[in-house]
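User: I'm new to this one and would like a close look at a single part rather than a tour of everything. Could you walk me through it in one go?

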Amino acid sequence: MLKEIHEQPAIINTIPNNLSDKLIEEICEVIKKTQDIYFIGCGTAYHACLAGGYLFSKIAGRHVFTAPASEFNYLEDFLTKDSLIIPLSQSGETIDVIEPLNHAQKKGSKIITMTNAFASTIYRMGDHKLLLGAGPEKAVASTKAYIAKISVLTILAYALVNKLATGKKILRKAAKEIKRLLSKESINQIKNIASLLAKSDHIYIIGRGVSYATALEGALKIKEVSYIHTEGLSGGELKHGTIALISKGTPVIVIAPLDDTYDAIISNAIEIKSRGGLMIGISSENNPAFDIWIQVKETGSPLLTHIIPMQLLAYYLAVLKKLNPDTPRNLAKSVTVK
Ligand code: M6R
């Protein structure tokens with residue numbers, strides 16, 4: 001898992017070279033012609049779908065419906081031959097993705113696959129195929145395939161509005177910042193935070209907008225390898241229930257990039273702090289609401305950068321608890337049976 005986390009800057013930098021401008025153009029043409037678009041995936045791949053929904057809306061002004069693939073069977077009655085399904089999958093073998101794709105194919109819908117594994121079942125189901133190019137991912141907890149999915153989605157969103165060069169520039173900046181986040185100094189800070197949190201029973205992570213997807217993904221990483229119950233949620237949902245669980249010392253990670261979500265998420269952080277929560281802020285600027293500050297510089301892609309401290313935190317929590325992060329209990333790398 002650690003090796004794959006460290007591969008991420010290089011993967012981001014190679015993605016624009018792996019995807020030819022011609023292929024991007026071809027995919028964009030299909031997307032532009034379609035009104036009815038769906039991103040589907042499971043687990044980490046679903047979080048990338050959710051992130052993609054925000055990216056397409058914000059950057060390309062396009063609405064995309066996103067759903068966990070395991071729920072799509074119950075949502076797909078209205079698919080037609082004019083619908084476009086974009087399944088995201090590292091392995092390309094996830095049964096919960098294959099099933100709804102079979103139904104979509106029967107209805108004549110188009111499919112653009114986004115997989116890491118070449119020639120996998122899902123890859124072969126595509127009318128058009130995008131490869132993630134992250135290289136083989138071995139650890140059960142997906143890290144580099146997530147980053148590759150976000151990179152490809154970012155490229156597509158910018159390409160849809162003829163700003164491919166801007167998309168590529170943002171990826172380069174994000175890769176540089178991730179390298180810094182993987183330096184010895186940054187990792188030492190994460191190790192210290194892991195020592196503080198290792199005995200926690202619960203951790204909460206909040207974000208808004210694109211960082212809502214990061215909150216869900218950060219929580220999945222921490223829970224699957226450290227077995228600490230971790231819940232990711234949108235800052236706006238706190239007051240609708242979960243804030244009842246915050247008491248003195250409850251660790252809460254706040255994802256606060258300097259974008260349109262900043263003021264609202266800081267106001268959520270203040271609400272939690274006033275109830276005694278231990279606030280860990282991931283942001284480019286320190287804030288009085290944070291007890292601990294993890295600095296992540298602005299790059300134009302908080303999706304790519306702000307997840308990194310949580311991937312590391314998950315890994316070091318597992319190591320501190322003497323668990324093997326590469327093979328968490330009850331989990332398979334690829335879920336191929338129901
Ligand atoms: O191979 P896939 O991307 O289709 O796998 C989907 C999920 O099973 C996978 O992302 C899972 O959630 C990871 N273990 C999360 O780290």
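In β4, which residue is the bridge partner of Leu 84?

Analyst: It's Lys 110: that is the residue of β4 that bridges to Leu 84. Before going on, keep in mind that this is a predicted model. Now let's use that bridge as the way into the sheet around it.

Leu 84 and Lys 110 belong to a pairing in which β3 and β4 run parallel, joined by four bridges. Step back a little and you'll find an open sheet of five strands, ordered β2-β1-β3-β4-β5, with parallel pairing. At its edges stand β2 (65-68) and β5, each with a single partner strand, so one side of each has no neighbour in the sheet. Going from one strand to the next, the twist averages 20°.

Let's look at the β1 end of things. Strand β1 (residues 36-41) pairs with strand β3 (residues 83-89) in the parallel sense, and five bridges link them. One pair to find on screen is Asp 36, whose bridge partner in β3 is Ser 83. A helix lies across this part of the sheet too: α4 (residues 44-60) crosses β1, β2 and β3, and runs at about 150° to β1.

Back to β4 itself. Five of its six residues are buried, so β4 is largely enclosed by the rest of the structure. On its way to the sheet edge, β4 (residues 110-115) pairs with β5 in the parallel sense over four bridges. To spot that pairing, find Met 114, whose bridge partner in β5 is Leu 130.

The edge strand β5 (residues 128-131) has two faces worth telling apart. His 128 and Leu 130 make up its covered face, while Lys 129 and Leu 131 are on the uncovered one. So what touches Leu 130, and Met 114 along with it? One answer is Val 152, which touches both of them, as well as Ile 15, Leu 19 and Leu 132, leaving aside residues up to four places away in sequence.

Val 152 is a handy residue to pause on. It lies in helix α8 and is buried, with a relative accessible area of 1%. If you want a sense of span, try Val 152 and Asn 188: they are 36 residues apart in sequence and 30 Å apart in space, C-alpha to C-alpha.

Val 152 also leads us to a helix pair. In general, two packed helices are described by the angle between their axes and the distance between those axes. Here the axes of α2 (residues 8-18) and α8 (residues 144-160) come within 10 Å and cross at roughly 30°. That makes α2 roughly parallel to α8. The crossing of α2 past α8 is right-handed. From α2, the contact uses Gln 8, Ile 11, Ile 12, Ile 15 and Pro 16. From α8 come Lys 144, Ile 147, Ala 148, Ser 151, Val 152 and Ile 155. By class, the residues of this contact are eight nonpolar, two polar and one charged. Notice that Val 152 takes part in this contact and also touches Met 114 and Leu 130, the bridge partners of the β4 and β5 pairing.

For context, there is another sheet elsewhere in the chain. It is also an open sheet of five strands with parallel pairing, in the order β7-β6-β8-β9-β10. Its edge strands are β7 (229-234) and β10 (292-295), each pairing on one side only. Neighbouring strands in this sheet are turned by 20° against each other on average, direction ignored. Helix α11 (residues 210-226) packs on this sheet, touching β6 (202-207), β7 and β8 (251-255), and its direction makes about 175° with that of β7. Towards the other edge, β9 (residues 278-283) runs parallel to β10, and four bridges join the two. Ile 280, for one, has Ile 292 as its bridge partner in β10.

Helix α11 has a helix partner as well. Its axis comes within 8 Å of the axis of α14 (residues 308-320), and they cross at roughly 15°. That makes α11 roughly parallel to α14. This contact includes Thr 214 and Gly 218 of α11, and Met 310 and Leu 313 of α14. By class, the contact has eight nonpolar, four polar and one charged residues.

Key:
Residues are numbered from 1 along each chain as its sequence is written. This is a predicted model: local features need pLDDT of at least 70, side-chain atom pairs count only at pLDDT 80 or more; totals for chains, interfaces and linings use all residues. Side-chain values use heavy atoms; hydrogens and water are left out. Two strands pair if DSSP finds at least two bridges between them. Axes are lines fitted to C-alpha atoms, for helices over the stretch in contact, and angles run from 0 to 180 degrees between N-to-C directions. Contact means heavy atoms within 4.5 Å. Angles under 35 degrees count as roughly parallel, over 145 as roughly antiparallel, 65 to 115 as roughly perpendicular and the rest as oblique. A crossing is left-handed if the near helix is turned anticlockwise from the far one by less than a right angle, and right-handed if clockwise. Ala, Val, Leu, Ile, Met, Phe, Trp, Tyr, Cys and Pro count as nonpolar, Asp, Glu, Lys and Arg as charged, and the others, Gly among them, as polar. Buried means under 20% relative accessible area, exposed over 50%, partly exposed in between (1.4 Å probe, protein chains only).
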